[in-house]
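Hi,

I'm passing a structure on to you, and I've written up what turned up in it. Have a look at it first, then read on whenever you have a moment.

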Amino acid sequence: MDYNFREIEQKWQKFWIENRTYKTEIDHTKPKFYVLDMFPYPSGAGLHVGHPLGYIASDIYSRYKRLNGFNVLHPMGYDAYGLPAEQYAIQTGQHPAVTTQKNIKRYREQLDKIGFSYDWDREVRTCEPDYYKWTQWAFIQMFNSYYSNQTQQARPIAELVAHFEKSGTADLQAACTEELNFTADDWNAKTEKEQQEILLNYRIAYLADMKVNWCAALGTVLANDEVSEGLSIRGGHPVEQKVMRQWSLRVSAYAQRLLDGLDKIDWTDSLKETQRNWIGRSEGAEMRFEIVNPTPTLPQGEGEDLSPNPSTEGEREAKPSYYTTDANTWKLLKENAKSMRLEPTEAEDLLWQNLRGLKLGVKFRRQQPVDIFIPDFVCTQKKLIIEVDGEYHNGKEQIELDVERTRILETIGYKVLRFTNEEVLTNVSSVLERIRTEIKNRDIFTSNVEVKVKPSPCGRDRVGFDVFTTRPDTIYGVTFMVLAPESELVDICTTAEQAEAVKNYIDATKKRTERERIADRKITGVFTGSYAINPVADTEIPIWISDYVLAGYGTGAIMAVPGHDSRDYAFAKHFNLPIIPLIEGADISEESFDAKEGIMINSGFLNGLTVPEAIAKAKEYIEEEGIGKVKVNYRLRDAIFSRQRYWGEPFPVYYKDDLPYMLDESKLPLELPEVDKYLPTETGEPPLGRAKNWATDDGYKLELNTMPGFAGSSAYYLRYMDPKNDKALVSTEANEYWQDVDLYIGGTEHATGHLIYSRFWNKFLFDLGLVTKDEPFKKLINQGMIQGRSNFVYRIQGTNTFVSLNLKDQYDVTPIHVDVNIVSNDVLDVEKFRNWNPEYKNAEFILENGKYICGWAVEKMSKSMFNVVNPDDIVEKYGADTLRLYEMFLGPLEQSKPWDTNGIDGVHRFLKRLWSLFFRDNNLSFSNETPTPEELKVLHKTIKKISSDIETFSYNTSVSAFMICVNELYTLKCNKKSIMEPLTIILAPFAPHIAEELYHLLGNTTSVCDAQWPLHNEEYLKESTVKYPVSFNGKVRFTLELPADMSREDVEKTTLTNEQTQKYLDGKTPKKVIVVPGKIVNIVVAP
RNA sequence: GCCCGGAUGGUGGAAUGGUAGACACGAAGGACUUAAAAUCCUUUGGCUUCACGGCUGUGCGGGUUCAAGUCCCGCUUCGGGUACCA
């Protein structure tokens, strides 16, 4: 009887549906196991042979776990929102829901043919309102939360509001877009609108003006992971930077936890490494560089100093208020100031400890030169000076001098408070109280010029800028500064003389697309005309602008250390800027020395230290001196969450007074409205702008953007646990039972997108106490890509004649892709080729040995290469079981490999052979006899191998083991039930249809899925003899069969007395004999 | 540039430091057949030998070891990821 796979497969697929074989329910009597495939997007092209690879692997594991007594959750559904359906809708006017529905149907048909054990009752689709209700719901929770850096978790926004009402931003530890500083009184005095605007700075889902990746061709913004090399991943359209008001998710707040979580999960090292790189943690210091001659940035009139700023010298007149002295005086006074700082009096020190670090809510600097003086403490923001006077101030002369000094300072707008040492030492609190009062009284100065300058995270307010560096040890080697062209500091730094050059440079940069910038690494830049002061080395260094500095990372400005950074080096060489070596013995004549090793030189107090020591010391110094602070920077950006598209989840958001508000949860789901066209409106609004009555019941306008692709796929694994629940995303009961995904299989392409976002999303839900696990995917395997294997024919140029592969060198030929489906074992079906394309109807061929042999190459599997192989065709020709086995047989799961249908006959032959073992003379035939030891050995060897191979996902060797087993049973003519039955059970995960059929032929009436996995018995595997390979100096010469239990000594003795050994020894005496019992004998002789 | 992963017959690939090439495809030869398909048997890394056998062989060059595809060092090369990330 023939192996009729078509009949068998249809029969059992029907049986499984009718008997609800794959239905899964919570069952507390069994341990759970959750196996998940990455959410597929149902594309119009359908599945090609590469897609099911991971699905087959996970299906095998699911079935294996079930046979081992686990309650297995193995669901499937569709990530149904997406750009392709919408692009198609724009072109054809067809509603994307219709195309999506059609594609899903086709997908399902294809999947059904392969015999997967999915519980289809749990299917979800992201575009269904019952599903996206929970996506919208999660978004509302994110809007209503902020991230507490103190407890490292998401907290209700109400707690933050309470904090603001009580203490303003004092002691606030919350993730935010921008550091803000205000008091409780400030907060309470603000209007509702102002407060809401401020809260957006802290919410986990927030609306803000952001630099976004704008893709004009797609008409939408894209997330960082959707862009590669300046082109959109989907479609390859150019992407430019643009500032837009967009929804974002504060993923960056979770950067550290996302990084730490990687240590707890069983993913491949390379995938974890990719995520670590993407998160991009770097430890360093952020420090402030003051600008020597800042240019006023405010328009005429506004920039005028509001405070009295008269001065005796005319030169002072023109200066804005935000610097305290002129460059020349600064140079003269800075050394004095520095030494004074190092030797404070007892009283000065006491007061400083109470003033420093924003203790009074404003920033004080000590020994800061002001005009020609060096007062003890200066608050430039409030124009307040505190002096602490010693004994000698009581002298008559000194009193006069002090009066004059105060007068001058007051004429330039400062208020001077004087205290004696004694006052400070005996009653510091009353001194502080007076200072506090004075600060309050001087509120007039709060709205000074610094509003235009971004407040420094270091808390300083003068004009200057912060830079982030991981190498604070190289501070003495800073010879210039570089700003990103987009930086707002550019205006401040640019002098009149340089204004034109800077403008030209920035215009040119804007014109270059991101892609062009990446493509040609030309060194470009322009000098701003300004200088910054190195806060440690006190040197003046030029400030440049160049596009090698990114606006989006750190502060958009860098300190350049050409000696020890290759990018700075290239820039310095190009513009002839000084390069200072900082590491002993490092040769920097040709290139920079970037390594973090060596001994410091030319570095003041850091000299003689090793680099790591110097980094630590420099950080310490920077904090001590209030120059900056130690900081950890992450590359991970917040996820832009708005898309100017139709086919996505609508936001549960409406606008009142231009501020966003969340819909009440009772209004969910907010369903996607109908539109007349899937294009932006005439005024450039997103497609939802076309929807009629797109407003709340009260008439407030609803959000026009929709959510991005990753919105719906970020928590789908939770929904599968409880897919029909209309009260919650997932019930506590279901979540406590299923917990997390035990095995997740999918492609590497999700490494920096889905797998970051869903980990973030899960952690957020974990913080809210809604899910039990902090990490969603315990173990993850990346299946390798299936590449295409293309075939070529060779046309002789200018003719319609094709020449076979091995004769083509005799002609001038053009290789042409030919459909792999009309080629078999690289032999072209000539007739099919003529019918393939009218152009080739009259093609002539030059054959070799009567055949036309095609050339081949491994390429991406794509329609344009004519190398797409459809699983339906394979199933039609060989059956699903053959397809499943062959996909696994191709090679290791994780490795990429080309699909070549050629080898499939071998796998199919194996199934036929297995089938034939059950039949004699066309009749079903098996015996109930006791198996022989040899038969038992074959079976148990296979059980052992298959069990361990499945655990290690080494499915290709499993298939080989099955082949060996069947070949051996074939040789033994074995048809004993006690051998065949366990064999069908262990084959069932791989080839479920034939296994089910054979299992029933053996007399069983229940599904093979509910059988029990057999255990192997070592007793049957024992060998009585071992064939020892005998080698001389490592070269194997012959084998010797000896009893398995023979002792090491006896093996050595027997080997040495063997006549063949004597022959190879050739009279020489063995120097040493190595015997590895059960393995090998090696005899060492002198050469 | 940086990070990760590879490199083994004509092809896909196998090999806890212990007989390299399991298993399969392809190819060659043979059996059955009027013929084809299907099935079955034999051979199949290279060189050499009538044969027994010998030599050689896992990208290249070194090393460790009784023994290296496997471990270490240095390169070449091909994939994948990422990119002026300070």
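Before anything else, one term: contact, or touching, means heavy atoms within 4.5 Å. With that in hand, Ala618 touches Pro472, Asp473 and Leu606, leaving aside residues up to four places away in sequence.

Some housekeeping. This is a predicted model, in which local features need pLDDT of at least 70 and side-chain atom pairs count only at pLDDT 80 or more, while totals for chains, interfaces and linings use all residues. Residues are numbered from 1 along each chain as its sequence is written, chains are lettered from A and ligands numbered from 1 in the order in which they are written, and side-chain values use heavy atoms, with hydrogens and water left out.

**The protein chain**

Chain A has 35 helices and 40 strands; these are DSSP runs numbered from the N terminus, helices being H or I of at least four residues and strands E of at least two. Its C-alpha trace spans about 130 × 90 × 75 Å along the principal axes. Of its 1087 residues, 53% count as buried. Here buried means under 20% relative accessible area, exposed means over 50%, and partly exposed is in between, using a 1.4 Å probe and protein chains only. Among the contacts in chain A with a separation of 6 or more, 71% are between residues 24 or more positions apart.

Back to Ala618 for a moment: this residue lies in helix α21 and counts as buried, at 2% relative accessibility. Ala618 and Gly1067 are 449 residues apart in sequence, and their C-alpha atoms are 73 Å apart in space.

**The RNA strand**

Which residues come nearest to RNA strand B? Of the 50 residues around the strand, they are Thr470, Arg567, Leu890, Arg909 and Lys1079. A residue is near a molecule or strand if one of its heavy atoms lies within 4 Å of it. By class, the surface near RNA strand B has 20 nonpolar, 16 polar and 14 charged residues. For these classes, Ala, Val, Leu, Ile, Met, Phe, Trp, Tyr, Cys and Pro are nonpolar, Asp, Glu, Lys and Arg are charged, and the others, Gly among them, are polar.

Several elements supply at least two residues each to this surface, including α10 (269-279), β15 (464-469), α29 (904-917) and β38 (1035-1043). The largest share, seven residues, comes from α31. Looking from the RNA side, 62% of the strand B atoms within 4 Å of the protein belong to sugar or phosphate, and the rest belong to bases.

There are polar contacts as well, meaning pairs of N or O atoms within 3.5 Å; within protein, one must be able to donate a hydrogen and the other to accept it, and residues adjacent in sequence count only if both atoms are side-chain atoms. A polar backbone atom of Leu550 is 3.0 Å from a base nitrogen of RNA strand B. A backbone N or O atom of Asn902 lies 3.3 Å from a sugar or linking oxygen of the strand, and a polar side-chain atom of Lys912 lies 3.5 Å from a sugar or linking oxygen of RNA strand B.

**Around α32**

Met980 lies in helix α32 (residues 977-987) and is buried, with a relative accessible area of 1%. Not counting residues up to four places away in sequence, Met980 touches Leu917, Phe918, Leu969, Cys974, Asn975 and Leu1002. Met980 and Trp899 are 81 residues apart in sequence and 32 Å apart in space, C-alpha to C-alpha.

**Backbone oddities**

Most residues other than glycine have a negative phi, and most peptide bonds are trans. Lys973, although not a glycine, has a positive phi of about 50°. Lys973 is in the loop between α31 and α32 and is exposed, with a relative accessible area of 53%. Asn602 is not a glycine either and has a positive phi of about 50°. Asn602 sits in the loop between α20 (566-575) and α21 (611-624) and is partly exposed, at 43% relative accessible area.

Finally, a cis peptide bond with an omega of about -5° joins Leu668 and Pro669. Pro669 is in the loop between β23 (659-662) and β24 (701-702).

Enjoy exploring!
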